[in-house]
Every structure is written in C-alpha cells, then in structure tokens.
Amino acid sequence: MNGSPDQNTGEGIAEFVLPQGCMLCGGAVNIRKTPGGGAHSYCPHCHWLSRPRLRMRADGLELSFATEVFA
Ligand SMILES: [Zn+2]
C-alpha cells in the first residue's frame, strides 16, 4: 500500500461515510463531494447510487436525497 493516488489533502473533507444513510438497505453510504455543491453517494452493500444535495449548516452537513427527479 504505497503510492496511492487517492490521497488528497488540503481541501477539507471531500469524502466521508454516512452511517445508516442508505434509503434502500439502511447501511453505511460513502459520500463524495463534487465541485458545484453536489455529491455522489454509493452504498457498497446494495450498490445503490444517488446524487444527494449537500447543504452547509451551522451544526454540520445536511444531505437531502431526491426520491423523485423531474428534469
Ligand atoms: Zn444500501
């Protein structure tokens, strides 16, 4: 385990785990922030992919999953 290209530092938290964040199986979801205020979420348990909205709050981050998307 050396020379990993995934180690980025200096931009704050860009990737974290949301416990019980999966709407399908209730498992832990990996959240990765993307430029522009969006985010990608991925559940390694049921392979659920989503694009939640991230909101910055005084007491932390708020994630809102869109259950219905009308483009
Ligand atoms: Zn899941």
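The largest nonpolar core is made up of five residues, namely C22, V29, I31, A39 and C43. A nonpolar core here means a set of buried Ala, Val, Leu, Ile, Met, Phe, Trp, Tyr and Cys residues joined through C-beta atoms within 7 Å. Burial is a neighbour count: a residue is buried if 20 or more other C-beta atoms lie within 10 Å of its own, exposed if 12 or fewer, and partly exposed in between, with C-beta atoms placed from the backbone. In soluble globular proteins, nonpolar side chains tend to be buried together.

Before going further, please keep in mind that this is a predicted model, in which local features need pLDDT of at least 70, side-chain atom pairs count only at pLDDT 80 or more, and totals for chains, interfaces and linings use all residues. Residue numbers start from 1 along each chain, as its sequence is written.

**Confidence and overall make-up**

pLDDT is the predictor's confidence in each residue, from 0 to 100. The chain averages 80 on this scale, and 73% of the residues score at least 70. Among the elements, β4 has the highest mean pLDDT (92) and β6 the lowest (80). Where pLDDT is low, the predicted coordinates should not be read in detail.

The chain has zero helices and six strands, so its elements run β-β-β-β-β-β from the N terminus on, where helices (H or I, at least four residues) and strands (E, at least two) are DSSP runs, numbered from the N terminus. Of the 71 residues, 8% count as buried. Two residues are in contact if their C-beta atoms, placed from the backbone, lie within 7 Å. Among contacts with a separation of 6 or more, 8% are between residues 24 or more positions apart.

**How the strands pair**

Two strands pair if DSSP finds at least two bridges between them. The pairings are listed here, each with one pair of bridge partners.

| Strands | Sense | Bridges | One facing pair |
|---|---|---|---|
| β1 and β2 | antiparallel | four | F16 and I31 |
| β2 and β3 | antiparallel | five | I31 and S41 |
| β3 and β4 | antiparallel | two | Y42 and L49 |
| β5 and β6 | antiparallel | five | M56 and L61 |

Core residue I31 is a good place to start reading the sheet: I31 has F16 as a bridge partner and stands opposite S41 in β3. Next along β2, R32 has H40 of β3 as its bridge partner. In a regular strand the side chains alternate between the two faces of the sheet.

Strand β2 covers residues 29-34 and strand β3 residues 38-42. Their hairpin has three residues between the strands, and G36 takes a positive phi near 105 degrees there. From β3 the chain goes on through a hairpin with six residues to β4, which spans residues 49-50.

C43, another core member, has its own set of contacts: leaving aside its neighbours within four places in sequence, C43 touches C22, L24, C25, G27, V29 and W48.

**Two unusual backbone angles**

Most residues other than glycine have a negative phi, and most peptide bonds are trans. Which residue in the loop between β3 and β4 has a positive phi although it is not a glycine? H47 does, with a phi of about 60 degrees. H47 counts as exposed because it has 9 C-beta neighbours inside 10 Å.

Q20 also has a positive phi, near 55 degrees, and is a residue other than glycine. Q20 sits in the loop between β1 (15-18) and β2. With 10 other C-beta atoms within 10 Å, Q20 is exposed.

**The β5 and β6 hairpin**

Strand β5 (residues 53-57) is joined to β6 by five bridges, and a hairpin of two residues connects them. Is β6 largely buried or in the open? Of its five residues the number buried is zero, so β6 lies largely in the open.

S64 is found in β6, which covers residues 60-64. S64 counts as exposed because it has 9 C-beta neighbours inside 10 Å. Leaving aside neighbours within four places in sequence, S64 is in contact with P52, R53 and R55. S64 and R51 are 13 residues apart along the chain, and their C-alpha atoms are separated by 9.1 Å.
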